Amino acid sequence: MRREILFRGKRIDNGEWVEGDLSRCVVVGETHIRRIEDNLSTTTHRIDPETVCQYTNYTDLRKKKAFEHDIIFYEDRQCHGHIVFKDGCFLIEWEKGREDLKSDIHFWFMERRVYVVGNVFDNPELLNQ
């Protein structure tokens with residue numbers, strides 16, 4: 001299985017999210033994401049390094065890509081969790097009071113039980129932590 005290495009971050013100039021390859025620029029301290037627009041051209045955007053999120057290689061039922069720091073919703077239990085990278089793997093940390101739920105990201109996305117509903121940067125109010 002081939003893993004897609006993809007990152008997402010918020011642009012410094014307008015606050016929009018951009019996906020692509022993560023790169024460091026010659027200018028010290030700047031972080032950029034390079035988007036391949038087509039096979040021949042690329043566009044580079046300066047991003048806020050605090051917002052960098054790696055793609056987990058999972059998509060929800062709506063085919064929305066799941067990234068680190070995304071907030072997910074488990075419909076059966078009406079609760080939220082967020083995706084973290086810890087101890088070398090992606091996990092789901094559930095909101096307080098839901099410690100009985102598995103943290104195994106593979107289980108949740110392969111069973112198609114969750115939906116990506118936002119991220120911790122734009123929607124922190126979704127988490128009860």
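## Basis and overall architecture

Helices (H or I, at least four residues) and strands (E, at least two) are DSSP runs, numbered from the N terminus. His-80, for example, is placed in strand β8. This is a predicted model, in which local features need pLDDT of at least 70 and side-chain atom pairs count only at pLDDT 80 or more, while totals for chains, interfaces and linings use all residues. Residues are numbered from 1 along each chain as its sequence is written, and side-chain values use heavy atoms, with hydrogens and water left out.

The protein chain contains one helix and ten strands. Along the sequence, these elements follow the pattern β-β-β-β-β-β-β-β-β-α-β. The chain has 129 residues, of which 40% count as buried; buried means under 20% relative accessible area, exposed over 50%, and partly exposed in between (1.4 Å probe, protein chains only). Contact means heavy atoms within 4.5 Å. Among contacts in the protein chain with a separation of 6 or more, 48% involve residues 24 or more positions apart.

## The nonpolar cores

A nonpolar core is a set of buried Ala, Val, Leu, Ile, Met, Phe, Trp, Tyr and Cys residues joined through side-chain atoms within 4.5 Å. The largest such core has 16 residues, and those with the most contacts inside it are Ile-72, Trp-94, Trp-108 and Phe-109. Two or more residues each come from β7 (70–74), β8 (79–86), β9 (89–94), α1 (105–110) and β10 (114–119). Helix α1 supplies the largest share, four residues.

Leaving aside neighbours within four places in sequence, Ile-72 is in contact with residues including Cys-79, Ile-83, Ile-92, Trp-94, Phe-109 and Val-114. A second, separate core of five residues includes Val-18, Ile-33, Ile-47 and Val-52.

## Aromatic rings and charges over rings

Rings of Phe, Tyr and Trp (its six-membered ring) pair if their centres lie within 6.5 Å; planes under 30 degrees apart count as stacked, over 60 as edge-to-face and the rest as tilted. Eight aromatic pairs are found in the whole structure. One of them, between Phe-107 and Trp-108, is edge-to-face, with 4.9 Å centre to centre and 80° between the planes. Trp-108 is buried, at a relative accessible area of 2%. Ring pairs also link Tyr-74, Trp-94, Phe-107 and Trp-108 into a cluster.

A charge sits over a ring if NZ of Lys or CZ of Arg is within 6 Å of the ring centre and within 35 degrees of the ring normal. The charged end of Arg-8 is placed in this way over the ring of Trp-17, 4.7 Å from its centre. Likewise, the charged end of Lys-65 sits over the ring of Tyr-55, 5.5 Å from its centre.

## Asp-70, His-80 and Leu-126

Asp-70 belongs to strand β7 and is buried, with a relative accessible area of 1%. A polar contact is a pair of N or O atoms within 3.5 Å; within protein, one must be able to donate a hydrogen and the other to accept it, and residues adjacent in sequence count only if both atoms are side-chain atoms. One such contact, of 2.5 Å, joins the side chains of Asp-70 and Arg-8. Beyond its neighbours within four places in sequence, Asp-70 is in contact with residues including Arg-8, Lys-65, His-82 and Asn-119.

His-80 counts as buried, at 16% relative accessibility. Its side chain reaches the backbone oxygen of Leu-126 at 3.3 Å. Leu-126 is found in the segment after β10 and counts as partly exposed, at 25% relative accessibility. Not counting neighbours within four places in sequence, Leu-126 is in contact with Ile-71, His-80, Glu-95 and Val-117. Leu-126 and His-82 are 44 residues apart in sequence and 9.6 Å apart in space, C-alpha to C-alpha.

## Cysteines and backbone angles

A disulfide is a pair of cysteine sulfur atoms within 2.5 Å, and by this rule the count comes to zero. Cys-79 is buried, with a relative accessible area of 0%, whereas Cys-89 is partly exposed at 34%.

Most residues other than glycine have a negative phi. Asn-57, in strand β5 (residues 53–59), has a positive phi of about 75° and is partly exposed, with a relative accessible area of 24%. Lys-63 has a positive phi near 70°. Lys-63 lies in the loop between β5 and β6 (65–67) and is exposed, with a relative accessible area of 62%.
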